[in-house]
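The following questions and answers guide a first reading of a protein chain. Please keep the sequence and the structure in view while working through them.

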Amino acid sequence: MDSKPKIMITIVSDVICPWCWVGKRKLEMAMEKVKTKYDFEVKWEPFLLASNLPIEGKKKDSPQNERVPAQLKRAGSVVGIDFTGACDRVPNTILAHVLLDMAGGLGHHVQNMLQEQLFKAYFTDGIFLDEENLANIGAGVGIQKESAMKAFAEVSNVAQIKDEAKNWSRSGVTGVPYFIMNGRRMFSGAQDVETFLAAFQKVA
């Protein structure tokens, strides 16, 4: 029996990008539709939407009921996401990307699971993504808290994330989520399921 064609998907994203979570869910809906036809591997790469934020983040000016635009609320509900606007601070996401890099070392499945947990923590549960909370979330996917805290303190890890994010920006990625499939740059944005299905056909 012939093995299924494999589609390697790279997503350039930031943890504080709500449309990246919507895009993730739409991608997964498309993958589910053709799971008997293709094998998939998803990898997440860093983008920094607010690279100059202090490590303690920045307090949001608007009240909670004004933080989620109606269009985003609707788009989220269609794919099973509850955007609450509950977190009152915008985090610096460099350490979240350090954690995602660690998860990638445990396997793409683990990294993808962690990305989902980070989105949910920030956008739904209102959890501020500081070192302690990140370490707790990481522990939920098998990353030891002590290892995570040690990685956060490593200057070289922070520098690596900054460099990787800069490289994506320099290479022409200006908006996220940005999807690359089997090495081919496809599109940015939380596209419809049909757009993902058509992209799979092009690259398989």
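Q: What percentage of the accessible surface of the chain belongs to carbon and sulfur atoms?
A: In this predicted model, the accessible surface of the chain comes to about 10,400 Å². The part of that surface that belongs to carbon and sulfur atoms is 50%.

Q: What percentage of the residues of the chain count as buried?
A: A residue counts as buried when its relative accessible area is under 20%. The chain has 204 residues, and the share of them that counts as buried is 45%.

Q: How many helices and how many strands does the chain have, and what is its radius of gyration?
A: Read along the sequence, the chain follows the pattern β-α-β-β-α-β-α-α-α-α-α-β-β-α. This secondary structure comes to eight helices and six strands. The globule rule gives 17 Å for 204 residues, and the chain comes close to that value, so it is as compact as a globular protein of that length; its radius of gyration is 17 Å.

Q: What does the C-alpha trace of the chain span along its principal axes?
A: Contacts between residues at least 6 apart in sequence may be considered alongside the span; 74% of them join residues at least 24 apart. Along the principal axes, the C-alpha trace spans about 50 × 40 × 35 Å.

Q: How far apart are the mean positions of the positive and negative charges of the chain?
A: The chain carries 25 positive and 24 negative charges. A mean position is taken for each of the two groups, and these positions are apart by 5 Å.

Q: How many residues apart in sequence are the parts that Asp-192 and Lys-26 tie together?
A: A search of the whole structure finds 12 salt bridges. In one of them, the side chains of Asp-192 and Lys-26 meet, with an N to O distance of 3.5 Å. Asp-192 lies in the loop between strand S6 and helix H8, whereas Lys-26 lies in helix H1, so the parts that this pair ties together are apart in sequence by 166 residues.

Q: Is Lys-26 buried or exposed?
A: Its partner Asp-192 has a relative accessible area of 46%, and Asp-192 is therefore partly exposed. Lys-26 has a relative accessibility of 16%. Because the limit is under 20%, Lys-26 counts as buried.

Q: Which residue forms a salt bridge with Glu-45, and how accessible are the two partners?
A: Glu-45 has a relative accessible area of 15%, so it is buried. Its partner has a relative accessibility of 35% and counts as partly exposed. The closest N and O atoms of the pair are 3.2 Å apart, and the partner of Glu-45 is Lys-43.

Q: Which residues are joined into one network by salt bridges that share partners?
A: A separate pair may be noted beforehand: Lys-73 forms a salt bridge with Asp-82, with the closest N and O atoms 3.0 Å apart. Lys-73 counts as partly exposed at 37% relative accessibility, and Asp-82 counts as partly exposed at 38%. The network made by salt bridges with shared partners consists of Lys-24, Arg-25, Glu-28 and Glu-116.

Q: Which strand contains Thr-10, and which residues does Thr-10 touch?
A: Thr-10 has a relative accessible area of 19%, so it is buried. Thr-10 lies in strand S1, residues 6–13. Not counting residues up to four places away in sequence, Thr-10 touches Lys-43, Glu-45, Trp-168, Tyr-178, Phe-179 and Ile-180.

Q: What separates the C-alpha atoms of Ala-135 and Ala-148?
A: Ala-135 lies in helix H5, and because its relative accessibility is 0%, it counts as buried. Leaving aside neighbours within four places in sequence, Ala-135 is in contact with Lys-145, Ala-148, Met-149 and Phe-152. Ala-135 and Ala-148 are 13 residues apart along the chain, and their C-alpha atoms are separated by 5.8 Å.

Q: Which peptide bond is cis?
A: Pro-177 lies in the loop between helix H7 and strand S5. The peptide bond that leads to Pro-177 has omega near 5°, and this cis bond runs from Val-176 to Pro-177.

Q: What is the phi of Asn-182?
A: Asn-182 lies in the loop between S5 and S6. Asn-182 is partly exposed, with a relative accessible area of 29%. Although Asn-182 is not a glycine, its phi is positive, at about 50°.

Notes:
Residues numbered from 1 in each chain as written. Predicted model: local features only at pLDDT ≥ 70, side-chain atom pairs only at ≥ 80, totals over all residues. Heavy atoms only, no water. Helix = DSSP H or I, 4+ residues; strand = E, 2+ residues; numbered from the N terminus. Buried < 20%, exposed > 50% of the residue type's maximum accessible area, 1.4 Å probe, protein only. Contact = heavy atoms within 4.5 Å. Rg over C-alpha atoms; globule rule 2.2 N^0.38 Å. Areas by Shrake-Rupley, 256 points an atom, 1.4 Å probe, with all protein chains shown as cover. Lys, Arg positive; Asp, Glu negative; His and termini not counted. Charge placed at Lys NZ, Arg CZ, Asp CG, Glu CD. Salt bridge = Lys/Arg side-chain N within 4 Å of Asp/Glu carboxyl O.
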